[in-house]
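Me: I have a sequence and a model to look at. How should I go about reading them?

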Amino acid sequence: MPPTVVLDNGAATLKAGLVGAASPTLITNAVVRSKGDRQTYCGHEIARCRDYAALHFRLPFEKGLLVDWDAQKAVWDGVFSDEVLAVDTTQATLLVTEPYFNLPNIQDTYDQLVFEEYEFAAYFRCTPASMIPHGDLFALPGQPPAQCTLVVDAGFSFTHVVPLLDGQIVWTAVKRLDVGGKLLTNQLKELVSFRQWNMMDETHIMNDVKERCCFVSLDYNADLEACRVDLAHNPIVQEYILPDLSAQRGGRVRAPGEPPIDGAQILHMGSERFAVPELLFRPDDIGLDQAGLPATIAHAISCLPADIQGMFWANIGLIGGCAKFAGFRARLQAELQSLAPHGTAVRLTECAEPITAAYRAAHAFAADAPRLARVAVTRAEYAEGGSGAVRRRFDAPRGSEAERMLLQEAPAAAQPPPTGRAKGRQPAGREDERTPAPGGRGPRVRSAKAGAVGAAGTGSTGGGRKR
Amino acid sequence: MAPKRGREQLARQNVAVVQTLAPDVIAKRTRRHLDELERSNYAEPTLLAGVGDEDEEGGAKYAKGRGRQLISEKRNLNIAGNSPAARKKKSTMNVRTALLYRKNLATLIEESGIASLPSSVPTYLTASTIPSAYPPRMICTVCGYWGRYKCRRCAMSYCDMNCESVHAETRCERRVV
């Protein structure tokens, strides 16, 4: 049984694991040079780093796209080596995630690295949100998987709002907010550097501060007034004790009753605690002329056919690191409720670990080996057809007739599901047989431009591909 | 008497307003700030505009000759199997080009040709969300409270006189050193 590697290739962290291990290994996706240690660490080796002040990061991702392949290969070498996964890549199948709206020339480089350098037996490349329907984010016990879902991927580079119809991404309605974890950390560094200590070089430490101290406020006005109250009675102000490398003590928040520690440098976190994550909801606070996340979600939904919009409002899922901020869900719910049309139910779904949600969904997808084998591209096919063949297999061209027909037929599909659901849960593995069921769908997937995930399995293209 | 005083007051206000920054200068400053927020590593702001955030010396070092060294070749990792990565043998031409000649993002976007696709096709460039429907909130740049007043010279906001004096001494762009 050849091993299958599931690799969620994120801009901040890689989530990697073999099928069979439900929880992934999280590896920082960067090559880090430590000036104190005078050493360079790739990916997983960062755990060995002793001096994490003034680290120099070399990130393979820039503005959400993979541009630095040298650094990425260095990290991937570490992941596939026997220090992390210990997998023989020539025998294995790879499931790797790519950014939304990945560029075609970058996609070609993915194929080249996978097939020509690591020589994987087969591979499948997809976006994180397209895996989510196979996971358990939206799963309700005793009910079939939801057909219309909206995934909010609040990641490191950007925050994307991705509507999914029947497991397929509706690309014309995908919207991107240019605020992500990276921008929030940098903004926090600037605020703290101006007001207190110069932390512009300390990305690693400020990331930790952001994750521990920052939260999303439900009422910005009230919280801003509250932190002007004097220190003793202030509910908001926290003190973060910076790490002390000589004493090997990590950074932490000072508990309320603690006696003061001398010799420690302290960061006073006042309005920065909620002003930084506020940028997700009001990017114009720093001059970025974009609507906030609630308005982006409303806009994305308005780009979909009118009669199924209500179903999207009721199935909004949150994944990604920025969804972990305390108060994120409550604030989003409150703002969305006021933006949704009157009488629409707005339901947000979140999971306990948003960072690994895409990995776990991809793992569930990959665990079904025949299903993965149907959509994956083998090395032989790549050798024959090159990247063009890979592209034809993986995703339908965006804005093509296939997608237009998908949106037009969606109203027809909207009537059967309410009765279909009452009949009980349909097994998730049979979705390729489910698509011909609503009548008019069959001819569409047999068109020349097929290649959509899952739906092409029974099409005419599937007949000649038996290996 | 009243109308004449009104004219004088109006004339004085006109003179005061002229000294602030033009909107396009403010827009350029905001743009530069947003670009800085996208950097991976902090670089001291230099006098040159357009300093990129890729470090030319980090990792892909220029040796004496023309060959650049890759950081991915310096690892002593043990990968199972016999792929080129594992055996450390020479990679194919495609892979070597991709690794050695790192293109920056602007070049990649240009080469992909997505700018020339018809506007009905959603791409990386068109996927941004709509502009904000509300005017921006003014936040004091010094302390974070509501910025009710704007610096006359450089149009950054502050909340009270203490923050104004801090701003004038440290961050005002037209300060007299």
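The turns below go through chain B, the interface, single residues and salt bridges.

Me: What kind of model is this, and how are residues and chains labelled?
Reply: This is a predicted model, in which local features need pLDDT of at least 70 and side-chain atom pairs count only at pLDDT 80 or more, while totals for chains, interfaces and linings use all residues. Residues are numbered from 1 along each chain as its sequence is written, chains are lettered from A and ligands numbered from 1 in the order in which they are written, and side-chain values use heavy atoms, with hydrogens and water left out.

Me: How many helices and strands does chain B have?
Reply: Helices (H or I, at least four residues) and strands (E, at least two) are DSSP runs, numbered from the N terminus. Chain B has six helices and two strands. Along the sequence their pattern is α-α-α-α-α-β-β-α.

Me: What share of chain B counts as buried?
Reply: A residue is buried under 20% relative accessible area, exposed over 50%, and partly exposed in between (1.4 Å probe, protein chains only). In chain B, 32% of the 177 residues count as buried. For area there is the Shrake-Rupley method with a 1.4 Å probe; for residues, only the protein chains shown count as cover. The accessible surface of chain B is about 12400 Å², and 55% of that belongs to carbon and sulfur atoms.

Me: How many residues of each chain are in contact across the interface?
Reply: Contact means heavy atoms within 4.5 Å. On that rule, 82 residues of chain A are in contact with 69 residues of chain B. Buried area is the accessible area (1.4 Å probe) that two parts lose on being put together, summed over both. Between chain A and chain B this comes to about 6800 Å², with carbon and sulfur atoms giving 55%.

Me: How many residue pairs are in polar contact across the interface of chain A and chain B?
Reply: A polar contact is a pair of N or O atoms within 3.5 Å; within protein, one must be able to donate a hydrogen and the other to accept it, and residues adjacent in sequence count only if both atoms are side-chain atoms. The rule finds 22 such residue pairs across the interface of chain A and chain B, both residues being at pLDDT 80 or more.

Me: Which residues of chain A does I130(B) touch?
Reply: I130(B) sits in the loop between α5 (105-112) and β1 (149-150) of chain B. Residues up to four places away in sequence aside, I130(B) touches Q290(A), A291(A), A295(A) and H299(A). I130(B) counts as partly exposed because its relative accessibility is 28%.

Me: Is T159(A) buried or exposed?
Reply: T159(A) is buried, because its relative accessibility is 0%. T159(A) belongs to strand β12 (residues 159-165) of chain A. A polar atom of the T159(A) side chain lies 2.8 Å from the backbone oxygen of V179(A). Beyond neighbours within four places in sequence, the contacts of T159(A) include V152(A), K175(A), L280(A) and L293(A).

Me: Where is F274(A) found?
Reply: F274(A) is in helix α7 (residues 272-275) of chain A, and F274(A) is buried, with a relative accessible area of 0%. Leaving aside neighbours within four places in sequence, its contacts include F215(A), Y220(A) and I236(A). F274(A) and L218(A) are 56 residues apart in sequence and 9.5 Å apart in space, C-alpha to C-alpha.

Me: How many salt bridges are counted over all chains?
Reply: Side chains of opposite charge can pair when their charged atoms come close. A salt bridge is a side-chain nitrogen of Lys or Arg within 4 Å of a carboxyl oxygen of Asp or Glu. The count is 22 over all chains, and three between chain A and chain B. One salt bridge joins D68(A) and R102(B), with the closest N and O atoms 3.1 Å apart.

Me: Which residue forms a salt bridge with D108(A)?
Reply: D108(A) pairs with R391(A), the closest N and O atoms being 3.1 Å apart. The pair links distant parts of the chain, 283 residues apart: D108(A) is in helix α2 (residues 104-117) and R391(A) in helix α13 (residues 379-394) of chain A.

Me: Why are R331(A) and E335(A) separated by about one helical turn?
Reply: The reason is that R331(A) and E335(A) are four residues apart in helix α10 (residues 328-339) of chain A. Their side chains meet in a salt bridge (2.8 Å, N to O). R331(A) is buried at 7% relative accessible area, whereas E335(A) is partly exposed at 25%.
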